[in-house]
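Student: I am new to this structure and would be grateful for a close look at a single part of it. Please begin with any pairing of charged side chains, and then set that part in its surroundings.

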Amino acid sequence: MNLGKRIEQIRKSKGMSRSKLSFRCLISENHLRLIEQGKNENVTIKNLQKIADALEVKLTDLLEEPKAA
(Lines give C-alpha, C1' and ligand atoms only; values in the text may rest on other atoms or scores of the structure.)
Protein backbone atom coordinates (compact mmCIF):
# COMPACT_ATOMS: atom_id res chain seq x y z
CA MET A 1 0.00 0.00 0.00
CA ASN A 2 1.39 3.39 -0.88
CA LEU A 3 1.67 6.35 1.47
CA GLY A 4 -1.36 8.20 0.12
CA LYS A 5 -3.64 5.19 0.40
CA ARG A 6 -2.37 4.56 3.94
CA ILE A 7 -3.20 8.15 4.94
CA GLU A 8 -6.64 7.83 3.38
CA GLN A 9 -7.26 4.48 5.11
CA ILE A 10 -6.33 5.84 8.53
CA ARG A 11 -8.36 9.02 7.96
CA LYS A 12 -11.46 7.04 6.99
CA SER A 13 -11.00 4.56 9.86
CA LYS A 14 -11.21 7.54 12.21
CA GLY A 15 -14.37 8.82 10.50
CA MET A 16 -12.61 12.00 9.42
CA SER A 17 -13.36 13.86 6.21
CA ARG A 18 -10.54 15.10 4.02
CA SER A 19 -11.76 18.63 4.74
CA LYS A 20 -11.47 18.13 8.49
CA LEU A 21 -8.01 16.58 8.22
CA SER A 22 -6.93 19.43 5.97
CA PHE A 23 -8.14 21.95 8.54
CA ARG A 24 -6.48 20.13 11.45
CA CYS A 25 -3.07 19.85 9.79
CA LEU A 26 -3.13 23.25 8.01
CA ILE A 27 -2.58 21.73 4.57
CA SER A 28 -4.87 22.70 1.71
CA GLU A 29 -7.56 20.17 0.91
CA ASN A 30 -6.38 20.04 -2.71
CA HIS A 31 -2.79 19.28 -1.63
CA LEU A 32 -4.04 16.58 0.74
CA ARG A 33 -6.15 15.07 -2.05
CA LEU A 34 -3.09 14.92 -4.31
CA ILE A 35 -1.09 13.24 -1.54
CA GLU A 36 -3.82 10.64 -0.97
CA GLN A 37 -4.09 9.97 -4.70
CA GLY A 38 -0.32 9.51 -4.97
CA LYS A 39 0.00 12.42 -7.37
CA ASN A 40 2.28 14.44 -5.10
CA GLU A 41 5.42 12.52 -4.32
CA ASN A 42 7.28 15.52 -2.90
CA VAL A 43 5.67 15.40 0.53
CA THR A 44 7.89 16.89 3.21
CA ILE A 45 8.56 15.19 6.51
CA LYS A 46 7.15 18.32 8.16
CA ASN A 47 3.81 17.86 6.36
CA LEU A 48 3.78 14.13 7.06
CA GLN A 49 4.28 14.90 10.75
CA LYS A 50 1.39 17.40 10.64
CA ILE A 51 -0.83 14.74 9.06
CA ALA A 52 0.23 12.12 11.63
CA ASP A 53 -0.42 14.55 14.49
CA ALA A 54 -3.85 15.45 13.10
CA LEU A 55 -4.70 11.75 12.76
CA GLU A 56 -3.31 11.10 16.25
CA VAL A 57 -0.92 8.40 15.02
CA LYS A 58 2.84 8.03 14.96
CA LEU A 59 4.67 9.10 11.83
CA THR A 60 5.86 5.52 11.43
CA ASP A 61 2.21 4.40 11.24
CA LEU A 62 1.94 6.33 7.99
CA LEU A 63 5.15 4.95 6.57
CA GLU A 64 4.90 1.27 7.49
CA GLU A 65 2.73 -1.38 5.92
CA PRO A 66 -0.06 -2.41 8.29
CA LYS A 67 0.51 -5.75 9.96
CA ALA A 68 -1.83 -8.54 8.91
CA ALA A 69 -4.29 -9.60 11.58
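Tutor: A helix here is a DSSP run of type H or I with at least four residues, and helices are numbered from the N terminus. The model is a predicted one, and helix 1, at residues 3–13, is a suitable place to start.

Two pairings involve Glu8. On one side, Lys5 and Glu8 form a salt bridge between their side chains, with 3.6 Å from N to O. These two residues belong to helix 1 and stand three residues apart, about one turn of the helix. On the other side, a salt bridge joins the side chains of Glu8 and Lys12, at 3.2 Å from N to O. Glu8 and Lys12 are about one helical turn from each other because they are four residues apart in helix 1. The surroundings of the three residues can be stated in turn. Glu8 has a relative accessible area of 16%, and it is therefore classed as buried, the cut-off being under 20%. Lys5 is partly exposed at 43%, and Lys12 is exposed at 53%.

A further pair ties the chain together over a longer stretch. Glu56 and Arg24 meet through their side chains in a salt bridge of 3.6 Å, N to O. This pair connects distant parts of the chain, 32 residues apart: Arg24 is in helix 2 (residues 18–25), while Glu56 is in the loop between helix 4 (45–55) and helix 5 (59–63). Of these partners, Glu56 is exposed, with a relative accessible area of 61%, and Arg24 is partly exposed, at 38%. Returning to helix 1, shared partners in salt bridges bring Lys5, Glu8 and Lys12 into one network. The full count of salt bridges in the model is five. As a general matter, side chains of opposite charge can pair when their charged atoms come close.

Glu56 also deserves attention for its backbone. Most residues other than glycine have a negative phi. Glu56 is not a glycine, yet its phi is positive, at about 60°. Leu26 likewise has a positive phi, near 55°, and is a residue other than glycine. Leu26 is located in the loop between helix 2 and helix 3, where its relative accessible area of 71% makes it exposed.

The residue that follows in this account, Val57, leads from the charged pairs to the nonpolar core. Setting aside neighbours within four places in sequence, Val57 has contacts with Ile10, Lys14, Ala52 and Leu62. The largest nonpolar core holds 17 residues, and those touching the most other members are Ile7, Leu21, Cys25, Ile51, Leu55, Val57 and Leu62. At least two residues of this core come from each of helix 1, helix 2, helix 3 (29–36), helix 4 and helix 5. The greatest share is that of helix 4, which gives five residues.

Finally, a record offers a wider frame. An unreviewed UniProt entry annotates residues 7–62 as "domain: HTH cro/C1-type". In the model, this span is 68% helix and 0% strand, and the C-alpha atoms at its two ends lie 6 Å apart.

Technical notes:
Residues numbered from 1 in each chain as written. Predicted model: local features only at pLDDT ≥ 70, side-chain atom pairs only at ≥ 80, totals over all residues. Heavy atoms only, no water. UniProt positions renumbered as here; feature names shortened; annotations may be inferred. Salt bridge = Lys/Arg side-chain N within 4 Å of Asp/Glu carboxyl O. Buried < 20%, exposed > 50% of the residue type's maximum accessible area, 1.4 Å probe, protein only. Core = buried A, V, L, I, M, F, W, Y, C linked by side-chain atoms within 4.5 Å. Contact = heavy atoms within 4.5 Å.
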